[in-house]
Structure formats: C-alpha cells, structure tokens
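Trainee: Could we take a close look at one small sheet in this model, strand by strand, and then follow its side chains outward? I would like to see how the pairing is put together before moving on to rings and pockets.

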Amino acid sequence: MKIVFVIFFCSFLQTCISNDTIMRRQSLRDGDVILSEGGRFAFGFFSLGTSNLRYVGIWYAQISEQTVVWVANRDRPINDTSGLIKFSSRGNLCIYASVNTTEPLWSTNVSDSISEPTLVARLSNTGSLVLLDTLTGRGYWESFDHPTDTFLPFMKLGFTRNDGLDRVLTSWRSPNDPGSGNRTLRMDRRGFPELILHKGTIQWWRTGPWTGLRWSGVPEMNRGYIFNNSFVNNQDEVSFTYGVTDASVITRLKVNERGTIQRFTWIARDNRWNEFWSVPKEECDYYAHCGVNGFCDPISSETFECTCLPGFEPKITRHWFLRDYTGGCSRKNKTSLCREKDGFVKLTHAKIPDTENASVDMSVTLKECKQKCLGNCSCVGYASAYHDGEGGERGCLTWHGDMLDTRTYLNSGQDFYIRVDKEELARWDSNGSSRKTRVVLVLISLSAAVMLLMVIVFCFVRKRRKLNSLRRSSTTFSFDFEDSLKFEDDRELPLFDLNTIAAATDNFSSHNKLGAGRVTKRYGGSSEEVIEKLGPRNGRVQERSQVDIEAAASKPREDLRVLRRAGREDVDIRIWDLWEKGEAKDIIDDLMDQESYNESEVVKCIHIGLLCVQENASDRVDMSSVLIMLGQNAIDLPNPKLPAFTSVRRRGRENVALPIAEPGSSVNDITFTDVQGPNPPCPSLLLREKSSVAVANTWNSKSGSSSSLTWLEAASSPLLTSSILFNNCSTLLSFFGSPKAMI
C-alpha cells in the first residue's frame with residue numbers, strides 16, 4: 001500500500017500510536033505508525049509504486065506526495081505484510097520478517113549490550129529516529145548517523161576521528177527501489193576536507209574546500225539566506241550541517257540515482273516540491289573536465305570552455321582542437337621552476353584545485369604563504385585556506401604536483417596563484433589578468449560592433465525607404481552595401497549637373513583625374529565646386545581617395561550626384577606578397593620601438609590573421625581556434641593560402657565577361673532599374689571595378705540627343721578606352737583594354 005496523508009488514514013490502521021515513542025517491551029506491526037512531535041514525520045512500514053515489497057522507514061507525514069527520507073532495511077525488503085519491529089534482548093531495535101522469525105533483517109547494531117529498562121526508540125521532530133535512555137538522556141544510536149539518500153536540516157555529513165563513524169549519502173537504485181545505489185556523497189579524508197560526489201569509484205563532482213562561509217564550488221550558498229551553514233574541522237570530527245532560519249520551511253537535499261544532487265523545498269499552495277538548486281548541471285561542474293593542469297571557464301565560449309593554466313600547454317594539441325581535454329596540460333618549458341625570477345599569476349574567481357594532495361598551514365598569512373611556496377621548489381601554486389573567514393583571509397594551502405578540477409566563476413570563487421617562470425610571467429600583466437579577461441574584452445568589443453552595425457543597417461533601411469518614396473521614377477545603379485545611396489538634398493551629398501563637373505575637371509582632363517583627390521564643396525560666399533588634390537601620405541601603407549559618380553535621372557534635367565568614398569589600397573595583397581617572400585616582419589612599421597614588442601609574436605599574429613581571411617570558408621579558422629592558436633608556437637599553425645578579396649584574385653578574372661543583365665534584375669556588382677514613363681531616359685551606368693570608376697550620362701530617347709562621358713581612374717591598370725558609346729540605350733564599356741559588359 002502507498003503512503004498517504006497519515007492523519008487522514010491513521011484511524012483505519014490496526015494501531016496508530018499517538019506519541020512519538022516505541023517502548024522497550026512494545027512492538028510495531030505492519031500498519032502501525034508513530035508520529036514525531038508536531039506530526040511532521042512518520043515512522044513505519046511502506047511500499048513504493050506498485051511493488052508489494054515492504055520497507056521500514058521515515059517519511060513526511062503532512063505531505064500528500066509520498067516522500068521517504070530514510071529507509072532502514074533498504075537492501076532487505078519484506079515480501080508481505082507480516083513484518084514486525086521490536087527490541088532484541090541486547091537492546092537493539094530490530095526488523096523481523098514475521099513474528100516467528102528470530103533472525104532480524106535489520107538492526108541498529110549497537111555493539112554494547114543495553115540493559116536499561118527505560119530504553120526507547122523516539123522519532124524526533126527533525127526526522128531522526130533515536131535510541132536513548134529516558135532516565136539519563138543518554139543516546140545510543142540515531143538514524144541521522146546512518147543516512148540513506150536524503151540530507152535533512154540539522155543532519156551531519158562527515159566523519160568522527162575517534163570511532164571512524166562516516167556519515168555518507170548513498171543514492172537509491174531507482175525511483176521505486178531504495179536499495180543502495182552507486183552514487184555517494186562523502187567528506188574526503190585526504191588533504192584539506194571537501195565533499196566529493198562519486199559515481200562508483202569515479203569522482204563525479206566536488207564542493208571544493210570550505211572558505212569560511214561556504215564551499216568554494218557552491219557559489220549559490222549565501223549567508224543568512226534560508227539556511228545557516230556550519231562546518232567543523234577539529235581534533236574530534238570533520239562535518240558539515242545546516243539549519244533553516246524559518247521553522248515553517250520544509251526542505252531536503254537528495255542524491256538521486258543519476259548522480260545529481262538536488263535541493264528541494266515544499267510549496268504548500270501548489271502541493272509540490274520545488275527544485276531550486278542542483279549539481280552538476282554544466283560541463284565545468286564535472287570533476288577534472290579539462291584534465292590535469294587545465295581549468296574550465298564556462299563564459300569563455302559556448303563550445304570551448306577549457307584552457308591550460310598559466311605556464312602550461314595542451315599535452316596533445318590535436319586532441320584539444322577536437323575538444324578532447326582528457327589528456328590535460330603539461331609544463332611549457334619542461335624546466336624547473338626553482339629560479340630567482342619565478343613569480344605567480346593570479347587566477348581570480350576560481351574554484352581552487354582538488355585539495356587531496358594539498359598541504360595546509362593555518363598559522364600563516366597569505367603573504368607568508370607566497371614566500372613559503374617560493375622557497376619550496378616543488379610548490380606549483382598557493383591560495384588562502386579560509387578566504388571568507390572572519391577577520392580576513394587566513395591559512396595557507398599549497399599544491400605540489402599536478403592540479404586537478406580548477407574552474408572559474410563570474411562573480412564567486414577565490415584567488416588562486418599559479419607559479420610560472422619569468423618568460424610566462426611577462427605574458428601576463430601585473431594585475432594577474434587572465435585570458436578570461438581578454439576574452440571578456442573581446443566579447444564587449446564584438447557586442448559594441450554588432451550594436452553599431454545594427455544602427456548602420458537601421459539608418460540605411462530608413463534612407464532607402466525615403467529614396468523609394470521620393471525617387472520612384474529614378475534610374476539608379478547600386479553597387480554594394482557600403483555605397484549606400486543618399487538621394488536627399490543634403491550638404492554632404494549635393495547634386496551636380498554635367499556642366500559643373502566638366503568645368504571642375506577641365507572637361508575631364510587627365511591632369512585633373514578625380515581618382516587622385518576628392519570632391520568638396522566650398523562655402524563662404526561661393527557655390528563653385530572645386531577639386532582638392534591630395535599628395536601621397538607618409539607611412540608604409542598609402543591611402544587613396546576614390547570618387548564614385550552616379551547618374552540620377554530627374555525632371556526637367558539630368559543631374560549627376562558625386563559620392564565621396566575614402567578607402568585604403570589592397571593592404572591584404574601587400575601583406576601576402578611579403579608573407580610569401582618570408583619577409584612578413586617588414587610589415588612592422590619602422591617607427592615602432594623594437595623593445596616594445598616581440599617580433600615572433602607579431603609574425604604569429606599576422607599568420608593567424610591570414611588564416612582568418614582564406615578564400616575558401618572551410619579553410620578559415622573560428623574564434624575558438626584563434627584563442628588556442630594565440631597560446632601556441634607558430635610552427636604548430638597550418639600554412640595560409642591566398643587571402644580572399646585581393647586585387648590578385650580580381651586581376652586573375654579580368655578576362656571573364658560579365659553576364660547580361662535583364663531590366664529589373666541584378667548581376668554581380670550592378671543593379672539595373674528600368675524606369676517607366678512617357679519619356680523614359682536611357683539608364684545611366686556606373687560600374688566600379690575595385691580601383692576603377694566608370695560614369696555614363698543619360699540619353700533621352702524622345703529628343704534623340706546623346707552624350708558621351710568617360711572618366712575613369714584605374715590605379716593599378718590605366719584605362720585604354722577613351723570614350724563610352726551611347727547608342728539606342730546600349731552601352732559598351734571597356735576596362736583594361738578588353739570588353740567587360742554589354743547592357
């Protein structure tokens with residue numbers, strides 16, 4: 001039979017003992033129940049699910065949902081309802097399969113014989129079954145010292161040093177089988193104490209050591225919030241317990257059969273248990289997820305959370321690229337750390353490594369701890385033992401050998417100091433900034449860039465909408481996103497008619513090529529447009545101004561709009577040429593102080609940069625790989641191929657004819673719009689080929705007039721054709737001496 005609300009069905013049982021006690025000469029049959037003072041807990045026989053097997057245990061009496069918190073005969077159930085609970089002649093409380101059975105299925109197993117007639121078994125209001133002498137108050141045994149899978153308030157987890165009592169949580173086999181499972185939570189006796197969750201013999205998760213207020217690996221533990229936590233580590237015992245600040249709060253902690261620790265509270269208004277905390281729940285929670293000498297940072301990347309500790313590198317780099325961290329990390333230089341220039345890199349917000357092999361000295365300060373570690377050649381790191389203790393940090397923890405299960409948190413944890421040589425120390429700033437800080441800065445920068453891009457897109461869309469509403473009869477040619485068209489009559493992009501531009505350029509004289517300068521409008525009493533010539537600029541990389549001229553048909557005259565666009569020449573191909581010649585270091589500006597940078601590091605950055613701009617997308621590296629590459633030697637990096645978007649690639653395709661564009665369609669870099677109306681003009685054409693600009697004026701089909709305009713700037717290859725022919729709305733453009741397009 002299932003357990004139901006005891007107060008409602010108690011009257012239907014054979015015997016419902018109203019008090020909380022079983023007397024020495026009294027027995028408890030299947031169907032009999034005792035209640036704790038206040039009625040919160042019940043003790044007796046129960047079954048689970050549809051099973052007929054009978055168990056003896058403790059459960060919540062005032063909760064409608066069956067919730068068992070302790071099971072006595074968990075591994076030896078009774079097959080029917082003939083079970084009996086009574087005291088043996090030696091004073092042990094025993095469970096028998098039947099009245100006639102002399103061998104108990106389960107016993108409190110008190111070693112000494114108890115002869116006192118005032119011995120009783122009492123169910124306390126905290127949920128513990130206690131054997132005690134009511135006359136003297138002496139306790140002989142209690143269920144809190146032998147927990148099953150549930151950790152109740154005021155229960156202890158840990159061990160006593162004298163008698164070896166070890167209070168361990170052990171999971172059930174399944175939700176309907178309370179037999180001993182293979183998930184256990186116990187206090188580690190080695191090194192500095194901490195609670196460790198095991199899956200069989202494998203370490204699954206750990207709390208980290210006690211910091212003075214909380215476990216270092218449980219950042220959710222807040223002082224004074226629902227619970228009062230207490231940790232004891234003295235000559236008698238090492239234990240952890242907790243209480244509740246509000247007695248009306250019903251809460252429990254459970255280790256389930258899947259290897260998850262869950263914290264529940266009862267929500268009375270909904271008649272349900274609410275899970276508000278559990279571990280492990282993310283990759284970094286699992287024990288030694290990043291292997292030896294690695295640490296886990298869950299906020300560094302959604303797919304690449306593992307990093308080697310300062311001074312270490314992946315043992316097998318290829319495995320790390322495949323997200324296999326089990327091999328861990330090894331020391332970079334393979335040399336001894338016992339040198340004068342050794343120092344420490346501070347890893348902030350850390351869950352410090354497993355303290356199994358750590359040494360502890362509670363008599364020294366953190367500053368003294370640093371000197372103690374420096375004076376020991378085997379010391380690889382140190383931290384404060386109680387960094388949250390009253391009166392500030394105290395005690396010293398030092399590690400000697402490999403470090404396991406280190407991770408970081410966003411706003412919790414403590415400082416951990418890793419010993420490195422002077423070369424590694426130079427790679428970290430004096431404040432101990434870790435790679436995590438750099439990643440955060442990168443993420444902030446990327447976020448800002450995304451926001452800026454969104455603003456640009458918004459402005460672009462808004463401008464295009466105005467364009468469509470104001471210039472529905474215009475013929476336009478659009479090239480790419482960065483040449484976003486502006487058709488409002490503003491000061492930045494004024495309209496110029498053909499005569500004005502012709503006058504300003506001396507009839508497009510080769511001496512006044514706009515490609516070598518920029519068009520500006522001069523104010524202060526004159527409306528004359530002039531050409532401002534720019535000379536070459538100083539520096540390794542020269543800049544040029546590129547002017548795009550767009551024809552826009554309007555009534556009653558045709559106007560030409562001049563768009564100013566400043567750009568840079570093909571820096572990428574310039575760098576590529578130097579890289580192929582093995583002269584990548586020549587890219588570094590001569591004005592740079594050689595003492596301010598490491599030449600090999602700069603070359604490595606150039607190497608990685610080229611890998612980021614490969615022609616084929618499958619050859620490009622992602623940001624996660626870039627972060628790993630920045631910490632590797634350049635010799636481990638793959639060789640880059642010809643970058644995308646270079647003039648070399650463009651020139652290699654110069655003899656390929658562009659396809660014919662139908663009206664109203666787009667081909668390659670050109671957008672063609674057919675304008676309908678009584679006197680549709682022939683569309684103007686602007687075709688820009690990287691460093692070239694072609695401009696054609698309109699031809700009016702009604703008047704039969706035509707005009708010819710050629711003005712091109714080709715920095716890398718001069719234009720051989722000197723004119724553009726207009727003939728019945730057909731235009732032949734020649735670039736670099738060969739036909740490029742026919743529209």
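Mentor: Let's begin with the rule for pairing: two strands count as paired if DSSP finds at least two bridges between them. Keep in mind that this is a predicted model.

The sheet you asked about is open and has four strands, in the order 16-15-22-21, with antiparallel pairing. Its edges are strand 16 (166–167) and strand 21 (227–233), each of which pairs on one side only.

Now take the contacts one at a time. Strand 15, residues 156–160, runs antiparallel to strand 22, residues 237–244, and five bridges hold this pairing. If you want one to click on, glycine 158 has serine 239 of strand 22 as its bridge partner. Strand 22 is also joined to strand 21, again in the antiparallel sense, by seven bridges. The link between strand 21 and strand 22 is a hairpin of three residues. Across that pairing, phenylalanine 231 stands opposite phenylalanine 240 of strand 22.

That last pair is a good place to leave the backbone and turn to the side chains. As background, the side chains of a regular strand alternate between the two faces of the sheet. Here, Phe231 and Phe240 belong to a cluster linked by ring pairs, whose other members are Phe151, Trp210, Trp215, Phe227, Tyr242 and Phe276.

For context on ring contacts, the structure has 24 aromatic pairs. One of these joins phenylalanine 192 and tyrosine 386: the ring centres are 6.0 Å apart and the planes meet at 50 degrees, so the pair is classed as tilted. The two rings come from distant parts of the chain, 194 residues apart, with phenylalanine 192 in the loop between strand 18 (177–187) and strand 19 (195–199) and tyrosine 386 in strand 32 (residues 379–386). Phenylalanine 192 is buried, at 4% relative accessible area, and tyrosine 386 is buried too, at 12%.

Strand 32 offers another example. Tyrosine 382 and tyrosine 417 have ring centres 4.6 Å apart and planes at 10 degrees, so this pair is stacked. Because tyrosine 382 sits in strand 32 and tyrosine 417 in strand 35 (residues 414–420), the contact ties together parts that are 35 residues apart in sequence. Both count as buried: tyrosine 382 has a relative accessible area of 4%, and tyrosine 417 comes in at 14%.

You also mentioned pockets. The second largest one holds about 510 Å³ of space. It has 26 lining residues, and those closest to its centre are Thr108, Trp141, Glu142, Asp145 and His146. Strand 7 (68–71), strand 10 (106–107) and strand 13 (139–142) each give two or more residues to this lining. The largest share comes from strand 13, with four residues. By type, the lining divides into 11 nonpolar, nine polar and six charged residues.

So, for your viewer session, start at glycine 158 and serine 239, cross to phenylalanine 231 and phenylalanine 240, and then colour the ring cluster that includes Trp210 and Phe276.

Conventions. Residues numbered from 1 in each chain as written. Predicted model: local features only at pLDDT ≥ 70, side-chain atom pairs only at ≥ 80, totals over all residues. Heavy atoms only, no water. 1 Å grid on protein atoms, 1.4 Å probe; cavity = no way out; pocket = protein on both sides within 12 Å on 5 of 7 lines; lining within 4 Å. Points joined across faces, edges and corners; volume = space filled by probe spheres on them. Nonpolar A, V, L, I, M, F, W, Y, C, P; charged D, E, K, R; others polar. Phe/Tyr/Trp six-rings, centres within 6.5 Å; stacked < 30°, edge-to-face > 60°. Buried < 20%, exposed > 50% of the residue type's maximum accessible area, 1.4 Å probe, protein only.
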